[in-house]
Amino acid sequence: MKRNSFRKNNKFIGGIISLIALVSIVFFLNIFQTKIRGVFYWFSSPIQKNLWTAGVQTSNFFQGLSNFASLENKLEESERRNQGLATEIIRLREIEQENERLRTALNIGIEKDFDLAFAQIISKDASEDIILIDKGFEDGLLKDMAVITEEKVLIGRITEVFDKYSKIMLATHKNMSFDVMIKREGEEVSAVAQGQGSSKIIINLIPQKEEISEGDAIVTSNLGGIFPELILVGYIKEFAKNDTDPFQTARVDNALDISQIKNVFIIK
Amino acid sequence: MLKKILISTAALYILILMQTSFFLHFTVLRLIPNFAFIFLIIFNIIEDPKERTGIYLAAAGGLLLDVFSTNFIGLNIIIMLFISLSIKFIIKRYVGIPFAEKA
């Protein structure tokens, strides 16, 4: 009887010691988490870079096979869109010439759009819309810098910077909210984009009186100061207009497919 | 036992690298299964409940998952340890898997 109670006591004390040891280890690991993560990323990144590239190529190959059937429809749709874009280009060229004339008149030098840094994606967090890139503090990157693709499509912003690596919160992340403009022919509508996680974005606070339609382009606005303006976010997929609500909401056809890109650009 | 832990941890590490850099390009309905998690559960189910390799592996796997995620380090360690201990407890108490006992 005594021996049994002694054993039970021993087990209880052992359990408490294990728990204290576990909490201490977790606490200790979190003090040095930046260093620990940095070391793991350092020896894992060469393998991960190759795996990411292989993933993009393999998925492109299979996507190409599955898209083959719908290629004709897509071609027709692209041709229709092309005609619309050709008209838009002519209009924009006129505006550009006018802009250039004004700049010359006002003596303002035409500078490059952005000062960019190039980086490669290493991995993506399995449970959240966060990616890791191979550039960090040593390359001049800082927290909150905006990240875009080659085609000027919005990716997100830097949330954590290590010496040689950085973490980017994608625009689709649940904690991401930023000002946008819905571009229509000749007019712009201000609204707010809200990440939903799992590569989804919705647009909120679209004034009820504004007319929007499917396919309207959504670009960033510099109102909130998070992103530079005119970076493509996506296109309106569908929208809900209810007379009782003061604002409309819309779902976005995201212009970014993170699994299809290898390289990113950071706006310094 | 040490050899078994080292080999299983290496396998888990490769699985996590594959999951964060390769498998995410092949999502179904934008979802991707957590292969490391599945591996750990299966390992703990088929292992003899008296052995402790699964518990050490759960701690190592949790640490690796934490490093490659954005949460604080320790969250996955605690989750994995809890799951591993629970599986062992349930199997020991209520379930008898003959092939597991022989292993």
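This passage describes a strand barrel, the aromatic pairs, one helix of chain B and one strand residue of chain A in a predicted model.

In chain A, six strands close into a barrel, taken in the order β6-β7-β8-β11-β10-β9, with antiparallel pairing. From one strand to the next, the twist averages 45°. Strand β6 (residues 177-184) of chain A and strand β9 (residues 217-220) of chain A run antiparallel and are joined by four bridges. Within this part of the barrel, A:I182 stands opposite A:I218 in β9(A).

Over all chains, the structure holds 14 aromatic pairs. One of them is formed by A:F28 and A:F32, whose ring centres are 5.2 Å apart; the planes stand at 65°, so the pair is edge-to-face. A:F32 has a relative accessibility of 39% and therefore counts as partly exposed, the class between buried (under 20%) and exposed (over 50%). A:Y41 and A:Y165 form another pair, with ring centres 5.9 Å apart; because the planes stand at 70°, this pair is also edge-to-face, the cut-off for that class being over 60 degrees. The pair of A:Y41 and A:Y165 links distant parts of the chain, 124 residues apart: A:Y41 is in helix α2 (residues 33-67) of chain A, and A:Y165 is in the loop between β4 (154-161) and β5 (166-170) of chain A. A:Y41 counts as buried at 2% relative accessibility, and A:Y165 counts as buried at 7%. Both tyrosines belong to one aromatic cluster, formed by A:F40, A:Y41, A:F43, A:F162, A:Y165, B:Y13 and B:F68.

Helix α1 (residues 2-21) of chain B has 20 residues; the distance from its first C-alpha to its last is 28 Å, close to the 28 Å expected at 1.5 Å a residue. The buried residues in α1(B) are B:I5, B:S8, B:T9, B:L12, B:Y13, B:I16, B:L17, B:Q19, B:T20 and B:S21. Among them, B:Y13 is also a member of the aromatic cluster. The buried residues of α1(B) pack against elements of both chains, namely α2 and β1 (116-124) of chain A together with α2 (35-46) and α3 (53-67) of chain B.

In chain A, strand β12 (residues 263-267) contains A:F265. The relative accessible area of A:F265 is 18%, so this residue is buried. Its C-alpha atom is separated by 5.2 Å from that of A:I148, although A:F265 and A:I148 are 117 residues apart along the chain. When neighbours within four places in sequence are left aside, A:F265 is in contact with A:L116, A:A117, A:F118, A:A146, A:V147, A:I148, A:T149 and A:E150.

How values were computed
Residues numbered from 1 in each chain as written. Chains lettered and ligands numbered in written order. Predicted model: local features only at pLDDT ≥ 70, side-chain atom pairs only at ≥ 80, totals over all residues. Heavy atoms only, no water. Pairing = 2+ DSSP bridges. Helix = DSSP H or I, 4+ residues; strand = E, 2+ residues; numbered from the N terminus. Axes fitted to C-alpha atoms, helices over the stretch in contact; angles between N-to-C directions. Phe/Tyr/Trp six-rings, centres within 6.5 Å; stacked < 30°, edge-to-face > 60°. Buried < 20%, exposed > 50% of the residue type's maximum accessible area, 1.4 Å probe, protein only. Expected span 1.5 Å × (residues − 1). Contact = heavy atoms within 4.5 Å.
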